[in-house]
Amino acid sequence: MATNFPDYVTVDYTDGEGENPEDYPSIEHKIEKAIEVTKKGLEEYENPAIMWTGGKDSTLVLYFVKEVAERFDLDMPPAVFIDHFQHFDDLLDFVEHWADEWDVEVIYARNDDVGSLADEPGDTINVSDLNEQNQHHVRNILEYEEDTFPFLLDTYVGNHLLKTVALNNALEEYDIDGVISGIRWDEQEARADETFFSPRHDPDIYPPHDRIQPILQFDEADVWEAFWNFVVPETVEGFPAEGYVPQDYDDLPNGLTHKDIPVSPKYFEGFRSLGSEVSTEKSDTEPAWLQDLANTTERAGRAQDKEDLMERLRDLGYM
């Protein structure tokens with residue numbers, strides 16, 4: 001593994017410091033900044049990659065990268081999809097479909113050693129059965145002392161092994177120097193101090209790289225405004241050019257189907273945040289964008305034990 005971050009990258013790591021979404025007063029201001037950050041990221045890094053979960057935020061970032069690469073004749077980087085073995089089937093179908101539609105190369109990052117030791121979420125895994133790398137993470141990095149742990153994504157050990165270790169292995173294997181991700185300031189307290197270019201250079205924790213974060217300045221409502229007024233009208237043939245906001249699961253204009261729309265059907269069903277199939281629930285019965293976004297918590301449907309550990313998990317390399 002490389003131990004030093006390359007000196008060819010010259011970005012301003014303070015860009016965005018002390019800012020919040022209110023510093024970008026309109027959706028046009030937010031999009032302009034997203035394009036600026038994305039363009040800089042594609043120009044500065046030799047081997048960037050897009051973190052794509054199939055969720056709304058990372059799909060919006062994927063759209064910006066695709067548009068900027070085409071507009072400025074820059075190389076389109078691959079997307080890294082962390083397959084933690086506990087996804088909604090609909091989400092996997094969505095990623096495969098839109099990777100094909102948008103001609104995106106997808107790198108599937110998996111911790112196969114952990115995945116091979118369980119058949120179903122919740123199965124018990126013996127720490128002694130893990131390979132040397134995973135045992136090192138469990139015992140020396142997480143300082144986990146139990147002999148077993150459950151095969152569940154939304155736990156401290158499960159999240160780290162299935163997502164962070166899988167990601168770091170992919171970063172090393174593909175020599176990725178810049179990770180373009182879809183995190184936002186308003187999403188979690190642990191992300192509120194992030195900057196548009198954020199260094200992750202400690203080789204004792206992860207392969208040295210930078211995080212490139214084009215939509216920090218968006219809030220949840222902004223993401224949906226961007227989708228229904230920009231992304232979908234500009235990418236879906238037959239969608240109203242002036243935009244259209246679906247009012248329920250079946251409300252799509254001009255005979256279009258969910259296969260035509262780069263928005264996961266799970267959001268139409270009432271999910272606002274997509275995590276593990278076994279521990280993520282609908283927030284409401286209305287589509288995500290019609291819910292009370294201002295007065296309710298976006299990640300309320302997620303398992304709270306993992307949410308409470310977010311700051312520590314991020315210190316270990318989680319997104």
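This passage looks at two buried loop residues and a charged surface patch in a predicted model.

Start with the loop between α7 and α8, which holds P262. The helix on one side, α7, spans 220-235, and α8 on the other covers 265-268. P262 is well out of reach of solvent by the numbers: its relative accessible area is 1%, so it counts as buried, the cut-off being under 20%. Setting aside neighbours within four places in sequence, P262 is in contact with T59, with the aromatic residues F94, W98, W102 and F227, and with V231, V232, T235 and V236. One of these partners, T235, sits 27 residues away from P262 in sequence, yet the two C-alpha atoms are 8.5 Å apart in space.

S264 belongs to that loop as well, between α7 (220-235) and α8 (265-268). Its relative accessibility comes out at 1%, so S264 is also classed as buried. Leaving out residues up to four places away in sequence, S264 touches G54, L91, F94 and L274. F94 therefore turns up in both contact lists, that of P262 and that of S264, as contact here means heavy atoms within 4.5 Å.

Over to the surface, where the picture is one of charge. D12, E17, E189 and D193 together form a negative patch. Among them, D193 lies in the loop that runs between β6 (178-180) and β7 (197-200). With a relative accessible area of 73%, D193 is exposed, because the threshold for that label is over 50%.

Note on methods:
Residues are numbered from 1 along each chain as its sequence is written. This is a predicted model: local features need pLDDT of at least 70, side-chain atom pairs count only at pLDDT 80 or more; totals for chains, interfaces and linings use all residues. Side-chain values use heavy atoms; hydrogens and water are left out. Patches are made of residues with over 30% relative accessible area and no salt bridge: like charges are joined within 9 Å, nonpolar side chains (Val, Leu, Ile, Met, Phe, Trp, Tyr) within 5 Å. Accessible areas come from the Shrake-Rupley method with a 1.4 Å probe; for residues, only the protein chains shown count as cover. A salt bridge is a side-chain nitrogen of Lys or Arg within 4 Å of a carboxyl oxygen of Asp or Glu. Lys and Arg count as positive and Asp and Glu as negative; His and the chain ends are not counted. The place of a charge is taken as NZ of Lys, CZ of Arg, CG of Asp or CD of Glu. Helices (H or I, at least four residues) and strands (E, at least two) are DSSP runs, numbered from the N terminus. Buried means under 20% relative accessible area, exposed over 50%, partly exposed in between (1.4 Å probe, protein chains only).
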